[in-house]
Amino acid sequence: MTKRALISVYNKDKLVEFAQELVSKYNYEIVATGSTFDLLKENNIKAKEISEITGKRQLINGKVKTLYPDVFAGILADLNNEKEKSDIEKENIKLFDMVVVNFYPFEEAVTKGVEETELTNTIDIGGPSMLRAAAKNNKRVLAVSSPNQYNEVLSDLEEHNGECSLKLRREYALKVFEKTLDFDTKILHELSNRFEEDSDNYFSLNIKKAKNLRYGENPHQEAGIYYTNNTIDYEVLNGKELSYNNILDASACTNILSEFFDVAGCVIIKHNTPCGAALGKDINEAWEKALDCDPLSAFGGIVGFTQKVGENTAKQLSSMFLEVIIAPDYTQKALELLKTKKNLRVIKLNTSLEEYKNHLTQEIRITPYGTLVQTADKGELDKDNFKVVTKAKPTAEMVEDMIFAWKIAKHAKSNAIVIAKNFKAIGIGQGQTSRVDAFEIALNKACDGSKDAVAASDGFFPAIDNIQVAAQGRIAAIIQPGGSIKDDEVIKTADKYNIAMITTGIRHFRH
């Protein structure tokens, strides 16, 4: 029995070769539309034009070519249903076994910023309708929605003696509904941006499960990892499968690394919070300085680097227990050393750290009160808000250390205080309900190293007690957002203790 394929594609890549195989090797009869039919005809591939079925030429400037009962009945008919089978026979409707369609380039038109009429002309109607019909009737019909699927279709036909397997029909049906969901979502978002003053009324997240994880934060919690178009490119070169907590920690680590993409830096994360961070003349120095911040907390932690890891650093890393190591690359010797630790996860970042920030877009939290969506915290220091507000003026070296500490505090849990000196975090206090407690914890970790060091705060100081604590630790300079009703008192107290202070106008709470 002759099989029939309905083909109507915008993207004609690989189509001629695919159609030729369907006709010559598998005896398919092809029905095609408009420019698709013209292309097949030019290449001497036997095909019928869709008007032979509909009895009408394409209407209203080509917008209506396939939206006819005979076309959709040929796709949707269920031959196991006697009533439908009878209707098909009475109306002499020929069935389609395969539908090959891809969509108009709506996303491309959005990128170009075309005007409304041109944009709406790229909203495909017939294409998604035909594909959805084929996907709905996947027990009989194969829905092919991308040129990248052509080779797999031909292989499946070869393997099953010219018949498409049910497995492939089901797999491709799901891809169709995934594709139409994505297409409709992009249309909704773009039109809402153009039509409505409040353009963020709609939010959807098109994600696909990559795999189940062994468990979530705790063994009794189920978990999986889902990918979006915004997922970074990385490889796990060694070790056990990444866990839920590993992935959270790796993200926290890479978020901070991306702040220092153009210098040699190291970040250590424990329980999704920084416990060490430093810059150095090279990666090895950065690692040694970062570890010195809190070597106890670093045990069992996540370590990340901004540059390639070499043999010397790998020797030190492999001498202690770590969960994950992250870097843009590793020397062969370094990788050999790290692979001697069979459970150590070694991640290679293929997405550059400079580009990584483009992947930080939105943060989503699902709560019983409602789903919260916010843009990622990518706030950068603004020279117009960056003000020295005290009589004491910080040195150029202090300012550089303050900016370094400020970038670390941005990623620490609120309330957060980071004490730093010479591009090295020497004390981090975070996750406290009182800012003065966070300051005291940071000073305790810094010990005598706090003398002439700088401190960064993620939020403003609500009282002068923080400045008094800083004075006891002999802190030389502080960077903080400002904006407290007690700013004047805070500044006066800083002046009293000859502490330089900069306000940024930017808060970095991280709950």
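Two strands are taken to pair if DSSP finds at least two bridges between them. By that criterion strand 16 (residues 387–388) and strand 21 are partners in this predicted model, since two bridges join these strands, which run antiparallel. Within this pairing, K387 stands opposite T503 of strand 21. Strand 21 also pairs with strand 20 (residues 477–480), here in the parallel sense and through four bridges. T503 appears once more in this second pairing, as the bridge partner of Q480. Strand 21 itself spans residues 500–503 and is covered on both faces. A500 and I502 point to one side, M501 and T503 point to the other, and all of these residues are buried.

A further set of strands makes up an open sheet. Six strands take part, in the order 8-13-12-11-9-10, and their pairing is mixed. Strand 8 (234–238) and strand 10 (273–280) form the edges, each pairing on one side only. From one strand to the next, the twist averages 20 degrees. At the strand 8 edge, the neighbour is strand 13 (residues 345–349), and the two pair in the antiparallel sense over four bridges. One position to look for in this pairing is V236, which stands opposite I347 in strand 13.

Turning to the aromatic residues, a search of the whole structure finds eight aromatic pairs. One of them joins F106 and F183, whose ring centres lie 6.2 Å apart; the planes meet at 75 degrees, so the pair is edge-to-face. F106 belongs to helix 6 (residues 106–112) and F183 to helix 10 (residues 166–195), so this contact ties together parts of the chain that are 77 residues apart in sequence. Both F106 and F183 are buried. Together with F103, these two residues form one aromatic cluster.

A second pair, F299 with F321, has a tilted geometry, with 5.3 Å from centre to centre and 55 degrees between the planes. Here the two partners come from loops: F299 lies between helix 13 (295–298) and strand 11 (302–305), and F321 lies between helix 14 (311–317) and strand 12 (324–327), so the pair ties together parts that are 22 residues apart in sequence. F321 counts as partly exposed because its relative accessibility is 39%, a value that falls between the 20% limit for buried and the 50% limit for exposed. An aromatic ring also meets a charge elsewhere in the model: the charged end of R4 sits over the ring of F96, at 4.5 Å from the ring centre.

Charged side chains provide another group of contacts, and the structure holds 20 salt bridges. Among them is the bridge between K25 and E158, with the closest N and O atoms 2.8 Å apart. This pair links distant parts of the chain, as K25 is in the loop between helix 1 and strand 2 (28–32) while E158 is in helix 9 (residues 150–159), 133 residues apart. K25 counts as partly exposed, at 46% relative accessibility, and E158 is likewise partly exposed at 46%.

Another salt bridge connects K48 and E29, where the closest N and O atoms are 3.7 Å apart. K48 is in strand 3 (residues 48–49) and E29 in strand 2, so 19 residues separate the two along the chain. K48 is partly exposed, with 28% relative accessibility, and E29 is partly exposed at 22%.

The bridge between K410 and E259 brings its closest N and O atoms to 2.9 Å. K410 is found in the loop between helix 17 (396–409) and strand 17 (417–420), and E259 in the loop between helix 11 (244–257) and strand 9 (264–270), so the pair ties together parts that are 151 residues apart in sequence. Both K410 and E259 are buried. These two residues also belong to a network of salt bridges that links E259, K357, E380 and K410.

Finally, S24 of helix 1 (residues 15–24) offers a local detail. The side chain of S24 reaches the backbone oxygen of Q20 at 2.7 Å. The C-alpha atom of S24 is separated by 9.1 Å from that of I45, a residue 21 positions away along the chain.

Technical notes. Residues numbered from 1 in each chain as written. Predicted model: local features only at pLDDT ≥ 70, side-chain atom pairs only at ≥ 80, totals over all residues. Heavy atoms only, no water. Phe/Tyr/Trp six-rings, centres within 6.5 Å; stacked < 30°, edge-to-face > 60°. Buried < 20%, exposed > 50% of the residue type's maximum accessible area, 1.4 Å probe, protein only. Lys NZ or Arg CZ within 6 Å of the ring centre and 35° of its normal. Polar contact = N/O pair within 3.5 Å; in protein donor to acceptor, adjacent residues only side chain to side chain. Salt bridge = Lys/Arg side-chain N within 4 Å of Asp/Glu carboxyl O. Axes fitted to C-alpha atoms, helices over the stretch in contact; angles between N-to-C directions.
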